[in-house]
Amino acid sequence: MSGTSAKPVSIIHWPAKTLVNPVIGKPSRPISGDTEYQTMQVFEGLGGKVSSGTWQSSAGTFRSNIVGYIEFCYIVEGACRLVDPDGTVHAFGVGDHFIMPEGWTGHWEVDEFVKKVYVVAEA
């Protein structure tokens with residue numbers, strides 16, 4: 001190895017139960033309800049092309065349009081439904097995981113509350 005020292009790499013761990021200093025927002029394409037979501041990003045890598053964290057949402061229905069990225073989701077609390085444009089309903093609860101591929105459009109339905117751990121990768 002040359003005279004440069006490598007920066008140590010550590011495992012990233014965060015509690016899924018409590019969001020620390022979350023970014024608060026509202027859906028840009030709401031359908032119904034007064035939805036508020038909170039996002040706590042805990043990791044960014046590959047020059048910003050990959051990120052991960054925890055996201056949670058209050059009740060409501062809102063559109064989703066996945067453009068330029070893919071997203072893996074793991075539900076850790078609550079439940080939701082994702083609805084395809086053709087009306088196909090995908091119901092998810094605690095322990096379920098799914099991928100929203102680049103180009104997916106549809107909408108989210110949250111009856112009460114949902115929290116997910118996510119990994120986003122730019123397409």
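In this predicted model, cysteine 73 is buried, its relative accessible area being 0%. Cysteine 80 is likewise classed as buried, because its relative accessible area is 3%, below the cut-off of 20%. The structure contains zero disulfides. A disulfide is a covalent bond between the sulfur atoms of two cysteines. For cysteine 73, the nearest cysteine sulfur belongs to cysteine 80, at 8.1 Å, and cysteine 73 takes part in no disulfide. The converse holds for cysteine 80, whose nearest cysteine sulfur is that of cysteine 73, 8.1 Å away. This separation does not meet the criterion of 2.5 Å between sulfur atoms, and therefore the two cysteines are not paired.

Cysteine 80 also belongs to the largest nonpolar core, which has 16 residues. The members that touch the most other members are Cys80, Leu82, Phe98, Met100 and Trp108. Two or more residues of this core are given by each of strand E4 (50-65), strand E5 (69-83), strand E7 (97-100) and E8. The largest share, five residues, is that of E8, a strand spanning residues 105-122. In soluble globular proteins, nonpolar side chains tend to be buried together.

The surroundings of tryptophan 108 were examined with residues up to four places away in sequence left out. Among the residues that tryptophan 108 touches are the core members Cys80, Leu82, Phe98 and Met100. Its contacts also include Trp55, Gly60, Thr61, Phe62 and Ser64. The list is completed by Arg81 and Lys116.

The largest pocket encloses about 460 Å³ of space. Its lining consists of 19 residues, of which Tyr37, Trp55, Tyr69, Glu71 and Lys116 are the closest to the pocket centre. Strand E3 (37-45), E4, E5 and E8 each supply at least two lining residues. E4 gives the most, with five residues. Trp55 and Lys116, both listed among the residues closest to the pocket centre, are also contacts of tryptophan 108.

Two further residues of E4 were considered, serine 57 and threonine 54. Serine 57 is buried, with a relative accessible area of 1%. Apart from neighbours within four places in sequence, serine 57 is in contact with Thr35, Glu36, Tyr37 and Phe62, and also with Val110, Glu112, Phe113 and Val114. Of these contacts, Tyr37 is one of the residues closest to the centre of the largest pocket.

Threonine 54 is buried as well, because its relative accessible area of 0% is under the 20% limit. The side chain of threonine 54 forms a polar contact of 2.7 Å with the side chain of tryptophan 14. Threonine 54 and histidine 13 are 41 residues apart along the chain, and their C-alpha atoms are separated by 12 Å.

A polar contact is also found for lysine 115, which lies in strand E8. Its relative accessibility is 2%, so lysine 115 counts as buried. The side chains of lysine 115 and glutamine 56 are joined by a polar contact of 3.4 Å.

Exposed positions were examined outside the strands. Asparagine 21 is located in the segment before strand E1 (23-25) and has a phi near 50°. Leucine 46, in the loop between E3 and E4, likewise has a phi near 50°. In both residues the value is positive, although neither is glycine. Most residues other than glycine have a negative phi. Asparagine 21 is exposed at 71% relative accessibility, and leucine 46 is exposed with a relative accessible area of 69%. Both residues are classed in this way because exposure is assigned over 50%.

Glycine 33 occupies the loop between strand E2 (30-32) and E3. Its relative accessible area is 64%, and glycine 33 is therefore exposed. In sequence, glycine 33 and threonine 61 are 28 residues apart, whereas in space their C-alpha atoms are 6.4 Å apart. Threonine 61 is also one of the residues touched by tryptophan 108.

Key: Residues are numbered from 1 along each chain as its sequence is written. This is a predicted model: local features need pLDDT of at least 70, side-chain atom pairs count only at pLDDT 80 or more; totals for chains, interfaces and linings use all residues. Side-chain values use heavy atoms; hydrogens and water are left out. Helices (H or I, at least four residues) and strands (E, at least two) are DSSP runs, numbered from the N terminus. Buried means under 20% relative accessible area, exposed over 50%, partly exposed in between (1.4 Å probe, protein chains only). A polar contact is a pair of N or O atoms within 3.5 Å; within protein, one must be able to donate a hydrogen and the other to accept it, and residues adjacent in sequence count only if both atoms are side-chain atoms. A nonpolar core is a set of buried Ala, Val, Leu, Ile, Met, Phe, Trp, Tyr and Cys residues joined through side-chain atoms within 4.5 Å. Contact means heavy atoms within 4.5 Å. On a 1 Å grid over the protein atoms alone, a cavity is a set of points where a 1.4 Å probe fits but cannot get out, and a pocket is an open set with protein on both sides within 12 Å along at least five of seven lines; lining residues have an atom within 4 Å of a point. Grid points are joined across faces, edges and corners, and a volume is the space filled by probe spheres set on the points.
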